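I opened the notebook on a new model today. These entries follow what I looked up, step by step.

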Amino acid sequence: MQDHPIGVLSALLIVCAAAACSSGSAEVPDAGVDSNTPPAQPAVCSQDAWCWEDPLPQGSTLASLSGNAADDVWAVGAEGTILHWDGEHWLGSPSGTENFLLDIWSLATDDAWAVGAQGTILHWDGTVWSPVDSTTAYTLTGVWAASADRAWATGFDPLGNSGTVLGWQGDSWSEVDSTATRLAAIWGASDEDVWAVGIAGTIRHWDGSTWSDIDSGTEHALTSIWGLSPENLWVGSFEGDILHWDGARWEVQLSDPSLMLSDFWGAGQEAWACSQSSRILHLLDESWSQEVDTSPLSLHAIWGSDLDAIWAVGDLGLAYFRSGTGWSRQWVTLFGDEPYACLYGVWGSAEDDVWAVGEPGLILHRDREGWSRLSLEDDACSLQSVWGTASEDVWAVGYNGLVLHWDGDAWSAVDSGTYEGLTDLWGSAVDDIWMVGGNGTILHWDGSAVSTVENEHSDFLTGVWGCSESDVWVVGMDGAVLHWDGFSWQPVPSSTTNHLFGVWGTGPESVWMVGMLGTILHWDGSGFADHSVSGMDQGGLFGVWGLSDDDIWVVGRGDDEEGVILHRDGARFVREIGNTPRQLNGVWGMESGDVWTVGSISLLHRRR
């Protein structure tokens with residue numbers, strides 16, 4: 001995971017974990033559409049055309065805000081995400097990077113800076129974002145500009161504790177100050193009055209000629225700074241302190257260890273603060289009070305063009321807007337307020353009939369009106385996969401032997417005869433469906449009942465696919481591969497000991513299998529060829545689907561817990577820019593070329 005300064009942001013890069021659910025013989029009531037289905041919102045798309053369908057308008061954690069007017073606001077965050085508010089919609093703006101962007105400062109409509117991990121500095125010229133050499137590999141946490149020729153950025157050594165201040169002189173960036181502590185934020189009143197703050201109570205001040213230490217009166221980690229004038233500044237700490245500068249000294253104005261402050265903004269005699277502890281505070285008549293609780297999601301940035309147009313953003317793309325009548329949430333999701341919700345499987349019969357399943361108890365359905373959430377009585381259940389033969393014959397499997405069937409009107413439970421966790425299913429016909437899971441479990445549906453099919457394998461089985469009733473493949477832990485020839489299951493040596501999770505193919509002589517550490521294997525009818533991708537020393541690939549051997553999609557998790565999307569265009573697998581900061585688990589598409597992928601609080605769609 002990329003290293004971030006304390007309090008700047010707390011990105012939820014989640015590894016999905018399985019939850020327990022009801023038994024294989026549980027009663028399941030008719031599913032109904034959630035009455036709180038959110039309204040449609042414009043989706044943000046990546047430069048490789050992957051568009052968010054949930055959350056909306058997008059699901060990347062946002063770390064910073066800046067702007068010039070109510071219809072000219074920028075937001076930056078995870079996976080190089082840059083968004084622009086034009087007064088009506090948030091629209092994606094290609095950044096050219098997948099590094100975490102931690103701060104942005106907009107000086108004019110054609111002059112803005114964004115900074116982030118690995119020394120990333122980007123500049124907006126009114127048309128495009130372009131990289132600018134920072135001369136450092138430090139994580140850059142803050143940026144502020146006084147003019148087109150004068151700007152500063154703060155940062156820290158991700159491998160140590162030292163901090164840096166970079167200066168822009170109109171043609172290049174260079175280091176102008178260094179500290180023994182990490183620096184988290186910067187703000188200025190003029191090019192001769194600039195402040196930088198960091199951990200251990202560090203406050204540095206530029207007076208136009210020299211950087212010097214200013215006593216903060218605290219040893220706490222200072223995470224944010226904002227001012228209304230040279231004599232009216234606020235600093236927030238991770239430990240919940242609000243410090244105020246009156247032109248002569250810093251003093252604590254409020255101290256609440258539960259606050260975990262992340263950003264400030266103000267105008268006139270009023271100010272607002274947001275926090276990682278899910279709160280928005282308002283300063284009025286020299287007193288701070290809480291206005292909004294966004295639990296359980298954290299807020300990382302707040303900014304406004306005036307008192308009637310204020311934005312606050314945070315985890316998973318969470319966005320709130322304050323107009324003259326108060327705050328409203330401008331971010332919708334069918335995942336609810338559960339920060340660990342996760343989708344594992346996706347399948348459909350048509351563009352207006354797509355299913356996605358996961359935990360806790362998630363069943364999502366896409367029809368002509370869009371996505372809606374269906375409710376199960378046992379909403380703690382973990383569903384792992386979904387597959388069907390037609391719109392009125394859809395199956396889902398999950399933990400504790402759960403098997404569900406959709407007949408076009410309702411979901412009902414089917415007795416599986418086991419309490420083993422079930423991870424995947426596939427079939428060749430309505431009366432020939434295979435299900436696999438824990439301890440070598442292989443189940444078969446013959447049109448009337450589910451029965452256990454004996455095999456010699458005892459490890460966890462994770463994926464199943466076939467091209468006919470007598471040609472079915474199963475993959476699992478430690479590189480396990482099994483093949484069904486119509487009579488029995490037989491092991492097939494795979495040449496890898498890496499865990500395998502997904503399997504898909506085009507026919508008997510072309511089967512693709514994916515797994516941990518970027519493993520991609522191809523069966524050609526007689527043996528395996530290795531097509532594994534590099535750069536995934538800790539990540540894994542969990543889902544695979546395609547239209548042909550020259551058009552294959554693979555999804556998973558990278559070394560920094562970010563979502564990975566790979567596409568094979570005939571020669572090799574190439575990584576797509578999906579701006580997906582969290583693990584992806586499943587992928588499915590249609591002959592039209594439309595593809596969906598699902599994962600941890602992530603549902604994306606790519607049209608072709």
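I count two residues as in contact when heavy atoms lie within 4.5 Å. The model is predicted. With that cut-off I took the contacts in the protein chain between residues at least 6 apart in sequence. Of these, 43% join residues at least 24 apart.

**Entry: overall form.** I looked up the secondary structure next. The protein chain has 56 strands and 0 helices. I then checked the radius of gyration. It is 26 Å for the protein chain, and a compact globule with 608 residues would have one near 25 Å, so the value agrees. Along the principal axes, the C-alpha atoms fill a box of roughly 85 × 45 × 40 Å.

**Entry: surface and burial.** I asked how much of the protein chain counts as buried. The result is 61% of the 608 residues. The accessible surface of the protein chain is about 22200 Å². Carbon and sulfur atoms account for 46% of that surface.

**Entry: aromatic rings.** I searched for ring pairs and found 37 aromatic pairs in the structure. I picked out Trp473 and Trp523. Why is this pair called tilted? The planes stand at 55°, and tilted covers angles that are neither under 30 degrees nor over 60, so the label fits. The ring centres are 5.1 Å apart. I then placed the two residues along the chain. Trp473 sits in strand 43 (residues 471–476) and Trp523 in strand 48 (residues 520–523). They are 50 residues apart, and the pair links distant parts of the chain. I also looked up whether each is buried or exposed. Trp473 counts as buried at 2% relative accessibility. Trp523 is buried too, at 12%. Buried means under 20%, so both values meet the cut-off.

I noted one aromatic cluster as well. Trp105, Trp144, Trp152, Trp187 and Trp226 form it.

**Entry: cysteines.** How many disulfides does the structure hold? The count is 1. The bond joins Cys45 to Cys51, with S to S at 2.0 Å. I checked its handedness. The torsion about the S-S bond is about 105°, so the disulfide of Cys45 and Cys51 is right-handed. Cys45 has a relative accessible area of 35% and is partly exposed.

I looked up two further cysteines. Cys274 is buried, at 0% relative accessible area. Cys467 counts as partly exposed, at 32% relative accessibility.

Terms used. Residues numbered from 1 in each chain as written. Predicted model: local features only at pLDDT ≥ 70, side-chain atom pairs only at ≥ 80, totals over all residues. Heavy atoms only, no water. Phe/Tyr/Trp six-rings, centres within 6.5 Å; stacked < 30°, edge-to-face > 60°. Helix = DSSP H or I, 4+ residues; strand = E, 2+ residues; numbered from the N terminus. Buried < 20%, exposed > 50% of the residue type's maximum accessible area, 1.4 Å probe, protein only. Disulfide = S-S within 2.5 Å. Rg over C-alpha atoms; globule rule 2.2 N^0.38 Å. Areas by Shrake-Rupley, 256 points an atom, 1.4 Å probe, with all protein chains shown as cover.
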